[in-house]
Every structure is written in C-alpha cells, then in structure tokens.
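Colleague: I have a new structure open and would like to learn how to read it. Could you walk me through some features, one at a time?

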Amino acid sequence: MKKRILVVDDDFSVRETLADILRSRDYEVVEASSGAEAVVNAGAGKYDCVIIDLRLPDTTGLEVIEKISCYVPKNKVIAITGYASSDMLAKTLEEAEFFLLLKPVDTEQMLAVVKKIIEQ
Amino acid sequence: MKIRTKIVLLSALPVTAALAAIFFSAGSLIKSSDEELSRARFEKTLKNMEVSFNEYFVIVRPPLRETFVSLILKLHEWDQLNTFFVSFASLYPHLERIALHSDGRRLAEMSRRPEGSFGKAQIDPETSLSNIFWVAGKPYVEFSLPADNSRQVRGTIAVAPFIEGAEKLTLTPGGSVKVYSVPPALAPSGAAKAGFVEKQYPLLGGLWTLAVMEEDVPGFYQGFRNAFLIFSVIVIALTFSLAMSFAKNFTDRLDAVASGRIGQGGSFDEITALEEKLSGFYDIKSKLKKQISSQESAGILGHHVAMIGHEFRNPIAAIKNAQYFINSQLPDNVKKGKIGRHLDVIKNEIKQISFMIEDLLSLSRLKPPVYALCDVSAILDECVEMFRHEYKLIDFELSVKKNLRIKADASEIRQVFSNIIKNACEAITPPGEIKISATPEKSAVSVKFADTGCGVPADKMEEIWQPFISTKSSGMGFGLATVKKIVEERHKGTIIFQSRQGAGTEITLILPREQS
C-alpha cells in the first residue's frame with residue numbers, strides 16, 4: 001500500500017512540482033492550498049507525512065500543525081520556512097518537535113527526510 | 001594678532017601710566033614735605049617777628065610758581081620786613097624773585113643776584129612805591145609813597161647797616177621830610193649814632209602782599225608732573241576704550257563661532273585656529289548626517305531587497321522541482337544526450353540564482369541570527385560534498401576534527417563556507433587543490449581554506465570585501481561581503497586573509513564557540 005503524503009502550499013507551481021516528484025517516487029500525494037483545506041484533508045484521511053509551508057494565506061503553518069496533530073503526529077511533519085521569526089525558529093530548533101527545512105529547499109535533501117519519516 | 005599679545009599691549013599702557021603717576025606722585029610727596037617744612041619755618045619767623053598775616057597762598061602757573069603772602073605791616077615794621085625778607089630768602093634758596101604787592105598792585109620786586117643775594121629790581125614808577133635792594137647781603141628799601149594826591153613821598157630806607165659812613169636815611173616826601181633811623185640792633189657796631197629815628201613816618205599801613213616767585217626745577221618738575229598726570233588720564237581712558245572695543249570684538253567673534261558662523265575672519269589668531277578645528281568637526285558632522293541618511297535609505301532598500309528575495313524563492317523552488325522531476329523521468333540515454341545537458345544548465349543556473357538571492361538576503365538581513373549549537377565538521381562535509389560533485393577536477397582535501405560544536409546560525413555558517421569554497425573553485429583553473437582544515441581552539445574553532453587558485457592582486461585586497469566588487473567576470477560580488485558580514489558582524493568572528501597573485505589564497509575563520 002502506497003504511503004500517503006499531504007503537501008500544503010499556496011503556491012500552485014511549487015506544490016504541483018513537489019507533488020509530481022513525490023508521486024514519481026511512488027507516494028500517494030494529496031494537495032492543499034490553504035490552512036483550512038489542509039485541516040479538512042488531514043481529518044479526512046490517514047497520512048504518513050505532511051509537508052507544509054509555514055506561510056499560508058489564511059493561517060500560519062504552525063497553527064495548522066497544532067490543529068492536525070491529533071491526526072498526524074508532529075514528528076511526521078516537515079515544515080518549510082523562509083520567514084520564520086527568530087524566536088519561533090530557535091524554539092522549534094531546540095524542541096525539535098517537527099522537521100524544519102529552510103528555503104531554498106534542496107529536493108534531494110527533502111526526499112531523504114521524507115524517506116526517513118516514513119520509515120520510522 | 002594673538003589675544004595674549006593684545007592683552008599684554010593693553011595692560012602695558014595703564015601699567016606705564018600708573019608707574020609714571022606713582023613715580024611723580026612720590027616726587028611730589030617729597031617735594032611737598034619740603035614745602036611743608038619751609039612753610040612752617042616761615043610762619044614761625046613771621047610769628048617771632050610779630051608780623052600778622054592774613055593769607056599764605058601759592059599759585060602755580062607752570063613753569064612759574066608764585067607764593068603769595070598777605071601781610072599787615074606798619075611803618076615801624078619796615079626793619080622787620082627786611083629781616084623777614086632775609087629770613088624768607090634764606091628759607092627759599094631756590095627763590096629767583098620776590099615782589100611786594102599792595103591793593104593788587106605790584107610794589108616792588110627783587111631778584112637774586114649772581115652771588116646769591118637779592119638785589120634791586122625794576123620798579124614801575126607809576127605803581128611802585130618801594131625798591132628793595134641788597135648790598136653785600138644787606139637789605140635796603142627804596143620807596144616812594146603816594147600818601148595822598150597832594151604829595152609824593154620819595155626816599156630810601158636803609159634797614160640794614162648803612163653804607164659805610166652813612167648815618168641816616170632821609171625820606172623825601174612831597175611836603176615833609178621824614179628821617180627814618182636804623183634800629184640800634186641793626187646798626188653796625190662802629191656807628192656811633194646808630195638808632196637815630198627822628199620820626200616815624202606814617203607810611204601806609206595795611207595790607208601788603210609779598211609775592212615770592214620760584215622759577216627752577218620744582219616749577220618745571222611740577223609742570224612735568226602735571227603733564228604726566230594728564231598723560232596718564234589720557235592713557236587710562238584710551239586703554240579703557242581699547243579694552244572695551246577689544247572685549248566687544250572678542251565676544252562678537254566668539255558669539256559668531258558659537259552660533260556656527262565660522263570662517264568670517266578676524267583679528268584673533270586663537271579663534272581663527274579654533275575655527276579651523278571646528279570647520280573639521282562641521283565637515284565630520286555633515287558627513288555623518290549624509291552617512292546616517294544613506295544608512296537609513298540603505299535600511300529601507302535592504303528591506304525591499306529582502307522582500308523581493310523572498311518572493312523569488314517560490315518560483316525558483318518550482319523551477320527546481322520541475323527540473324528535478326523532468327530529469328527523474330528521463331531514461332538514462334536521453335539524460336546523457338543534449339536534453340540532459342540542457343537540464344543540467346537549468347539546474348546549475350538555478351543554483352547560481354539561489355546563491356545570489358541568499359547573499360542578497362544576508363546582506364540586507366534585518367533580523368538577528370538564530371544561534372543554536374551546530375557542528376562545524378558536519379556543515380563542512382555537506383558543503384564540500386556539494387562542490388566535489390560539481391568540480392570533479394579539483395582535489396578536495398579535508399582535514400577536520402569531528403564534533404567541532406559552536407553556537408551559531410547554521411544556515412549562515414553554511415552560506416559562509418559555501419561562498420568561500422565556491423570562490424576557491426572558481427579561482428582554480430583545473431586541475432587544482434583545495435585544502436580545508438578545522439581545529440579546535442581555546443574558545444573558538446578555526447577553519448582554514450587554502451586553494452591553489454589565481455589569488456588576489458595586492459591592490460584589490462581591500463576592495464574585495466565590498467559588495468558589488470568582484471575580480472571575476474561573472475557574479476555580483478556579494479560573496480566575500482556576505483562572508484564578512486556574517487562572520488564579523490553576526491558571529492563576532494575573525495577573518496584572516498592571505499593571498500598571492502598566481503599562487504593561491506588562504507582564508508582562516510576564527511569562529512567563537514559562544515555568542516553573548
């Protein structure tokens with residue numbers, strides 16, 4: 001059975017290209033373009049990994065991570081940020097509740113992290 | 001002119017005047033004490049002679065000094081008058097002339113003879129009544145008295161010893177002849193008939209004035225002193241006005257300097273020097289102002305640059321993903337063909353753009369770095385791996401101790417290492433070598449990058465750290481500027497840069513373990 005990944009990003013091109021790469025690696029990918037959509041999708045199905053941009057149009061990625069944490073544990077989340085405030089970033093780095101990748105994200109690196117999470 | 005010189009010159013004037021005044025006043029004090037003494041003796045003489053006198057006054061008409069004595073004399077006191085003259089003359093050795101006045105008229109005048117005695121003086125026949133003359137130191141009085149309108153008295157009184165052989169003195173008045181004898185005491189011892197006063201002539205008694213004229217050094221001295229006193233007053237007034245104008249000029253210039261109006265010129269060398277110094281400060285001030293405003297605009301620009309940089313990231317991420325996806329979908333034979341090579345071009349160019357954007361963001365970064373414990377050796381490994389793949393003809397030699405942990409912003413440190421290695425790779429015309437070593441120090445970690453590249457010309461050593469300066473044909477020249485900013489400003493580290501053109505470059509970074 002294919003592993004399922006939820007990709008949350010409001011940028012269509014980024015989201016689609018990333019989804020296609022993941023699909024080419026034989027993952028089942030569900031896309032969400034907003035925080036609300038992400039929460040709905042997370043509740044509607046089971047996911048082995050969530051890749052989420054912390055900057056979203058309707059809410060923050062951190063809030064989404066909190067909201068979906070009952071469906072997807074935080075250690076299965078990869079958050080991507082280029083804008084993180086230094087406080088938040090420091091806290092996240094120390095607590096290491098979820099994976100944080102800083103932009104620009106190296107595709108190979110991300111695939112490696114995804115693989116690691118799914119194999120946990 | 002210097003302020004000190006001006007003050008010295010100004011103070012010299014009143015000091016000179018004061019000294020002159022003191023000098024001459026002291027002289028006048030000595031002089032007046034002499035005068036006091038003489039006057040006392042004179043008055044004593046008058047008292048002894050029972051001559052009553054009304055006034056004793058001195059009129060000074062430089063260079064002549066006249067002493068007036070008002071006397072009340074009676075005829076029988078003529079002898080006393082002569083005694084008085086003698087004593088008076090002896091009191092004033094510097095006397096030149098003595099004159100007798102009555103009712104405001106000059107009656108008689110005596111002047112000192114060459115041998116020292118007083119002698120007959122000129123008489124105005126209209127106004128003079130008497131002529132006093134001295135013979136061999138003995139006084140004689142010759143007179144004519146207008147007793148009334150009807151008669152005129154003429155005669156001579158010998159009040160001192162007579163001319164040898166003479167016995168009496170005859171007065172020849174208009175109507176009656178009066179003989180006035182010599183008082184016995186004054187008669188020469190040989191004069192048998194001494195003291196032959198026949199009749200006391202009713203000579204006009206009343207107010208007489210004796211005028212004593214002095215005309216010598218004291219008079220000149222007095223005038224000199226007065227001249228000097230006047231001079232002193234003038235000098236002091238002049239000094240005061242000069243001082244006032246000096247003070248006004250001085251405070252005016254100081255006010256001008258204080259209110260920032262400088263370079264107007266003026267007569268105070270010290271203030272001119274101060275102005276020259278101040279103009280330097282004003283230059284610095286205006287430069288600082290410009291610098292601050294340029295920094296402010298740089299801050300605003302930096303903010304915009306950061307926004308733009310962030311906005312570029314998403315499209316680049318999409319292109320990167322797309323390239324990756326296409327590449328992963330191609331069969332191996334196609335990958336090795338033209339399509340594959342073009343995809344590599346896309347990949348490499350995207351990487352270049354990513355580098356540029358990260359450098360731009362670093363230079364314009366407004367947010368403080370995020371310090372966390374990170375492993376220098378791991379970051380170096382990552383970076384070298386990335387370039388080793390790209391520059392296959394360059395030999396990377398890594399000599400790094402494991403677990404070199406420092407507190408730093410990992411992404412920024414990664415950017416620093418990448419920039420340095422990238423520069424080294426671009427400086428080498430393959431084949432070449434890049435040696436990287438990292439060693440722990442007491443409170444820091446030292447990382448050294450040495451390449452066998454083209455090196456940096458000596459005259460470019462300073463500029464390469466400035467943004468937009470590049471010795472290479474491509475790139476915006478942000479690389480080393482970013483390195484400098486991240487290491488020195490954001491991590492309190494040190495950069496040691498050594499380079500020789502044609503031989504290679506060696507960069508050593510000293511990164512502190514802790515950030516305070």
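**Reading the model step by step**

Modeller: Happy to. Keep in mind from the start that this is a predicted model. Let's begin where Asp26(A) sits, in the loop between α1 (12-24) and β2 (28-32) of chain A.

Colleague: What is there to notice about the phi of Asp26(A)?

Modeller: Look at its sign. Asp26(A) is not a glycine, yet its phi is positive, at about 75°. Chain B has a case to set beside it: Lys492(B), also not a glycine, has a phi near 55°. You'll find Lys492(B) in the loop between α9 (479-491) and β17 (494-500) of chain B.

Colleague: Is Lys492(B) buried or exposed?

Modeller: Compare its relative accessible area with the cut-off: exposed means over 50%. Lys492(B) has 56%, so it counts as exposed.

Colleague: And the backbone at Pro431(B), which peptide bond there is cis?

Modeller: The one from Pro430(B) to Pro431(B), where omega is near 0°. Pro431(B) belongs to the loop between α8 (410-427) and β15 (432-440) of chain B.

Colleague: Next, salt bridges. What's the general idea?

Modeller: Side chains of opposite charge can pair when their charged atoms come close. Searching the whole structure over all chains gives 16 salt bridges.

Colleague: Which residue does Asp26(A) pair with?

Modeller: With Lys2(A), at 3.8 Å from N to O. Asp26(A) is in that loop between α1 and β2, while Lys2(A) is in the segment before β1 of chain A, so the salt bridge ties together parts 24 residues apart in sequence. As for accessibility, Lys2(A) comes out at 45%, so it is classed as partly exposed.

Colleague: How do I read the one between Lys351(B) and Glu390(B)?

Modeller: Start with the distance: their closest N and O atoms are 3.1 Å apart. Then ask which elements are joined. Lys351(B) is in helix α6 of chain B and Glu390(B) in helix α7 (residues 376-390) of that chain, so this pair ties together parts 39 residues apart in sequence. Both ends are partly exposed: Lys351(B) because its relative accessibility is 26%, and Glu390(B) because its value is 32%.

Colleague: Where are the partners Glu382(B) and Arg414(B)?

Modeller: That salt bridge has its closest N and O atoms 2.9 Å apart. The pair links distant parts of the chain, with Glu382(B) in helix α7 and Arg414(B) in helix α8 of chain B, 32 residues apart. Glu382(B) is partly exposed at 42% relative accessibility, and Arg414(B) is partly exposed at 30%.

Colleague: Which residues are joined into one network by salt bridges that share partners?

Modeller: Arg15(A), Asp20(A), Arg23(A) and Glu31(A).

Colleague: How many salt bridges are there between chain A and chain B?

Modeller: Zero. The two chains do touch, though: 25 residues of chain A and 20 residues of chain B take part in the contact. About 1,900 Å² is buried between chain A and chain B, and carbon and sulfur atoms give 58% of that area.

Colleague: Now the cavities. How many are there of 30 Å³ or more?

Modeller: Five. The largest cavity has a volume of about 250 Å³.

Colleague: Which residues lie nearest the centre of the largest cavity?

Modeller: Val14(A), Ile80(A), Lys103(A), Val105(A) and Ala317(B), out of a lining of 24 residues. To see what the walls are made of, sort that lining by residue class: 13 nonpolar, four polar and seven charged.

Colleague: And which elements supply at least two residues each to the lining of the largest cavity?

Modeller: On the chain A side, β1 (4-8), α1, β3 (49-53) and α5 (107-119); on the chain B side, α4 (269-329) and α6 (338-363). The element that gives the most is α4(B), with six residues.

Colleague: Is there another residue in α4 that I should look at?

Modeller: Try Phe312(B), which lies in this helix of chain B. Its relative accessibility is 45%, so Phe312(B) counts as partly exposed. Compare sequence with space here: Phe312(B) and Ile357(B) are 45 residues apart along the chain, and their C-alpha atoms are separated by 7.9 Å.

Definitions and conventions
Residues numbered from 1 in each chain as written. Chains lettered and ligands numbered in written order. Predicted model: local features only at pLDDT ≥ 70, side-chain atom pairs only at ≥ 80, totals over all residues. Heavy atoms only, no water. Helix = DSSP H or I, 4+ residues; strand = E, 2+ residues; numbered from the N terminus. Buried < 20%, exposed > 50% of the residue type's maximum accessible area, 1.4 Å probe, protein only. 1 Å grid on protein atoms, 1.4 Å probe; cavity = no way out; pocket = protein on both sides within 12 Å on 5 of 7 lines; lining within 4 Å. Points joined across faces, edges and corners; volume = space filled by probe spheres on them. Nonpolar A, V, L, I, M, F, W, Y, C, P; charged D, E, K, R; others polar. Contact = heavy atoms within 4.5 Å. Buried area = accessible area lost by both parts, 1.4 Å probe. Salt bridge = Lys/Arg side-chain N within 4 Å of Asp/Glu carboxyl O.
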